[in-house]
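Take a walk through this protein chain, from the overall picture down to single residues. Keep the structure open as you read.

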Amino acid sequence: MSGEIVVAGAPGGAVLVTPIDAAVTVDGPAPVDTLVLGVPGGHLSWSLLSGQRIPTATLDDADEAQDWLWAVYGEAAALAVATFAGPVGTGRPDRRAAEPGQAVAVVAAAVLPQTVVSARRLAYAHWASRWWPASTVDGITPLDEGLLALDIAALTVECDLLADGADAELPTTAVESPRQSDYALAAGPQSTSATSVLARGTSGWDWRNCPPGLIDASERAVTWEVHREAGRILASVRAVAAPQLRGPVPAHLRPYAHLRTAAGTHTAALTLTGDDWIGSVAIPGMESITAVDISVPGVGYGSDSPTEAATREQIRRFARKRLHAPDRTDLEPLAAETAAAEEPDF
């Protein structure tokens, strides 16, 4: 495993070490397919969907990172990083800082393959604990949280030179999943009178706007309906709960639906009822709903985008392949994935 590595300045005084053909970006919110692993002095990142194997490193403390840089990028890259100034206040006049985007060196990587392979799998396991697209609607089996924790623990031991304890957090809402055949697909909120329905629609939601394990990952998970009731115009929203969700959910983690119209946005609090999050809000007149965003307060980046929707679909295809035909030469399946693949009739 080798290639050219660029060592350069990054915003905020950080140092960026990256393969010359890396797909990971460091500006703006990271795409949902970004694998991240905290390491001493910074973090490593990979683009999952592009198949990036050698990571990008963003270093906040180049001195602290020197203990592992040589093992990932080779001695030449480690020496190039050493030419940058350390953290503010270190008093190292013999070293220099680079402006963002200024390259200090382009060197050949001489990595230790197993170190990088294990680090990527560990980052992937952490990614899967948050972004695995579990869906009853789409038939994508959730990963068992206990097995995923064992995967992470074993890989952390393999990566003892790199692993940072801050990466050990896992979601706490996972439980045994129901069978798909036992689940009523989200066909939209059910009105008491079919003649009162004025409009309805179905959509996905931006996964970045909710903690993991709350809402089904399908692009058909969210349905809305506008209907007349007792002389008022109401908009009802139904979001399918994640297949591994078990209530009760703490109040600060409960999602809200934001119904966008040409005249403004109307917000409905969602309540977990059976296997669905349900809520409604009165809307004035006959405003047409253009989109529905789902979010938990304080989480995420706001409105969804076509780019994110396309990335989510790629991730679903990736997950199905991982369950049914994994590429063992690229990214060895986790124990949690192997068990999920053997789950009957999800």
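**From the whole chain to single residues**

Of the 346 residues in the protein chain, 48% are buried. The model is predicted. Its secondary structure comes to six helices and 14 strands. Take the contacts in the chain with a separation of 6 or more: residues 24 or more positions apart account for 70% of them.

How confident is the predictor? The mean pLDDT of the chain is 81. A value of 70 or more is reached by 79% of the residues. Over residues 86-97, however, the pLDDT is below 50. Beyond near neighbours in sequence, this stretch still has 17 contacts in the model. Residues 165-195 also have a pLDDT below 50. Here the model holds 63 contacts beyond near neighbours in sequence. Where pLDDT is low, the predicted coordinates should not be read in detail.

Turn now to the nonpolar interior. The largest nonpolar core has 81 residues. Which of them touch the most other members? They are W68, Y73 and I294. Helix α3, residues 113-131, supplies the largest share of this core, with nine residues. W68 shows how such a residue is surrounded. Leaving aside neighbours within four places in sequence, W68 is in contact with V39, P40, L44, A57 and L59. Y73, L161 and L162 are also among the contacts of W68. So two of the core residues named above, W68 and Y73, touch each other.Next comes a sheet. Three strands form an open sheet in the order β11-β10-β14, and their pairing is antiparallel. Strands of a sheet pair through backbone hydrogen bonds, either parallel or antiparallel. The edge strands are β11, residues 264-269, and β14, residues 289-295. Each of these two pairs on one side only. Neighbouring strands of the sheet are turned by 20° against each other on average, with direction ignored.

Look at the pairings one by one. Strand β10 covers residues 256-261 and pairs with β11 over six bridges, in the antiparallel sense. Within this pairing, R260 has T265 of β11 as its bridge partner. On to the other pairing. β10 and β14 are likewise antiparallel, and they too pair over six bridges. Here L259 stands opposite V292 in β14. β14 is an edge strand, yet it is mostly covered: six of its seven residues are buried.

Now find R316. This residue sits in helix α5, residues 306-324. Is R316 buried or exposed? R316 counts as buried because its relative accessibility is 1%, and the cut-off for buried is under 20%. What does the side chain of R316 meet? A polar contact of 2.6 Å joins the side chains of R316 and E219. Leaving aside neighbours within four places in sequence, the contacts of R316 also include P133, D138 and I140. W207, A217 and S218 are in contact with R316 as well.

The last stop is a loop. G213 is found between β7, residues 197-203, and β8, residues 222-229. Although G213 lies in a loop, the residue counts as buried, because its relative accessibility is 14%. G213 and R246 are 33 residues apart along the chain. In space, their C-alpha atoms are separated by 9.2 Å.

Note on methods
Residues are numbered from 1 along each chain as its sequence is written. This is a predicted model: local features need pLDDT of at least 70, side-chain atom pairs count only at pLDDT 80 or more; totals for chains, interfaces and linings use all residues. Side-chain values use heavy atoms; hydrogens and water are left out. pLDDT is the predictor's confidence in each residue, from 0 to 100. Contact means heavy atoms within 4.5 Å. Two strands pair if DSSP finds at least two bridges between them. Helices (H or I, at least four residues) and strands (E, at least two) are DSSP runs, numbered from the N terminus. Axes are lines fitted to C-alpha atoms, for helices over the stretch in contact, and angles run from 0 to 180 degrees between N-to-C directions. A nonpolar core is a set of buried Ala, Val, Leu, Ile, Met, Phe, Trp, Tyr and Cys residues joined through side-chain atoms within 4.5 Å. Buried means under 20% relative accessible area, exposed over 50%, partly exposed in between (1.4 Å probe, protein chains only). A polar contact is a pair of N or O atoms within 3.5 Å; within protein, one must be able to donate a hydrogen and the other to accept it, and residues adjacent in sequence count only if both atoms are side-chain atoms.
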